[in-house]
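Student: Before we look at the model, could we agree to ask of each label what value and what cut-off stand behind it?
Tutor: Yes, let us take the labels one at a time.

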Amino acid sequence: MATATGPVLTDAQFRKIAAIVHEDSGIILSESKRSLLMARLNRRLRGLSLGDYGAYCDRLEGPDGPQERRHLLSAITTNVTAFFREGHHFDSLAREVLPPLAPLARAGRRLRLWSAASSSGEEPYSMAVTLLDAIPDAARHDVLILATDIDPEMVARSRQGRFSAEALSPVPAAQARKYFQPCATGFEARPEVRQIMRFDELNLHGDWPFSGKFDVIFCRNTAIYFDAAARQRLWLRFGQAMVEGGTLFIGHSERLDGPAAALFQPTGTTQYRRNATPAPART
Ligand SMILES: C[S@@+](CC[C@H](N)C(=O)[O-])C[C@H]1O[C@@H](n2cnc3c(N)ncnc32)[C@H](O)[C@@H]1O
């Protein structure tokens, strides 16, 4: 079925695509997102020279399905982000979280920070410049910021580390000059910033291939798109993936609910400290 604006998504096709998105990413596509989904996918259908959504659903289930499902997620994810978004988290990172960790890192202790839904990179680069202000010699120690996202296009963009002057405008001028240099398209992160960062594609609902634990996790403005069961499972996994005393930052409209709440103590607005795990009782 098609109209002048392009192919039309039937109820059954919408339900099928919504079920695939939910299975792959935990994201709930409510009926209210239907026209947004069509607006985004019609472009993809044109790119693939597919005339209707029946053919697109077949592709999602055919041999090219796994690859197409990644494109589908890229098309439907909301990637809105900004440097120093919810700035109080970065104030707290600079003033409370990093100062006690700096001497430990200098003494050889591994330090890991994770931006778990890093979009186009503004969040992990904000973490990196905050970290380098607190620990200027970070690159000489075992210190890394991991930036991951489910959307391969976003991971590629954040790996590039290039930003327009407008995107960079929330960064104070002195910090922007210190950590970014002009490039053909605007500004790019200097090598000393990139040196302490790693980028990878990662589905928060899939396997996490980490060998060690995190001191700091930012997972902001992402769990809000997940259903309650997926969100609460995610909070628990963060609790398991963090060191005792580690800090978790979540988005302004999110709350740490479900069984994981017992693992954390609130230490600020949408900021939580991982409790120490009680020692097993002696028998
Ligand atoms: C609104 S952006 C938030 C970016 C940043 N954390 C911030 O607060 O500015 C949400 C990001 O979550 C990513 N995302 C959605 N579902 C995901 C999943 N299951 N695993 C990993 N990332 C996911 C999207 O690709 C998108 O880049």
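Tutor: We begin with a definition: two strands count as paired if DSSP finds at least two bridges between them. Keep in mind throughout that this is a predicted model.

Student: Which strands form the open sheet, and in what order?
Tutor: The open sheet consists of 3 strands in the order E5-E7-E6, and their pairing is antiparallel.

Student: What makes E5 and E6 edge strands?
Tutor: Strand E5 (162–163) and strand E6 (180–183) each have a single partner strand, so one side of each has no neighbour in the sheet, and this places both at the edges.

Student: How do you know that E6 and E7 are paired?
Tutor: The definition asks for at least two bridges, and E6 is joined to strand E7 (residues 186–189) by 4 bridges, with the two strands running antiparallel. As one instance, Gln181 has Glu188 in E7 as its bridge partner.

Student: Why are H3 and H4 called oblique to each other?
Tutor: Helix H3 (residues 53–61) and helix H4 (residues 65–76) pack at an angle of about 120°, their axes being 6 Å apart. Angles of 65 to 115 degrees count as roughly perpendicular and those over 145 as roughly antiparallel, and the value of about 120° belongs to neither class, so H3 and H4 are termed oblique.

Student: Which residues make that contact, and how do they divide by character?
Tutor: On H3 they are Tyr56, Arg59 and Leu60, and on H4 they are Gly65, Glu68, Arg69 and Leu72; this set divides into 3 nonpolar, 1 polar and 3 charged residues.

Student: Why is Gln271 called buried?
Tutor: Gln271 lies in strand E12 (residues 271–274), and because the cut-off for buried is under 20% relative accessible area, its relative accessibility of 5% makes it count as buried. Leaving aside neighbours within four places in sequence, its contacts include Ser92, Glu96, Val97, Phe249 and Pro266.

Student: What makes the whole chain as compact as a globular protein of its length?
Tutor: The protein chain, which has 11 helices and 12 strands, has a radius of gyration of 21 Å, close to the 19 Å that the globule rule gives for 283 residues, so the chain is as compact as a globular protein of that length. Buried residues make up 49% of the 283 residues, and, among contacts with a separation of 6 or more, 72% join residues 24 or more positions apart.

Definitions and conventions. Residues are numbered from 1 along each chain as its sequence is written. This is a predicted model: local features need pLDDT of at least 70, side-chain atom pairs count only at pLDDT 80 or more; totals for chains, interfaces and linings use all residues. Side-chain values use heavy atoms; hydrogens and water are left out. Axes are lines fitted to C-alpha atoms, for helices over the stretch in contact, and angles run from 0 to 180 degrees between N-to-C directions. Angles under 35 degrees count as roughly parallel, over 145 as roughly antiparallel, 65 to 115 as roughly perpendicular and the rest as oblique. Contact means heavy atoms within 4.5 Å. Ala, Val, Leu, Ile, Met, Phe, Trp, Tyr, Cys and Pro count as nonpolar, Asp, Glu, Lys and Arg as charged, and the others, Gly among them, as polar. The radius of gyration is taken over C-alpha atoms; the globule rule is 2.2 Å times the number of residues to the power 0.38. Buried means under 20% relative accessible area, exposed over 50%, partly exposed in between (1.4 Å probe, protein chains only).
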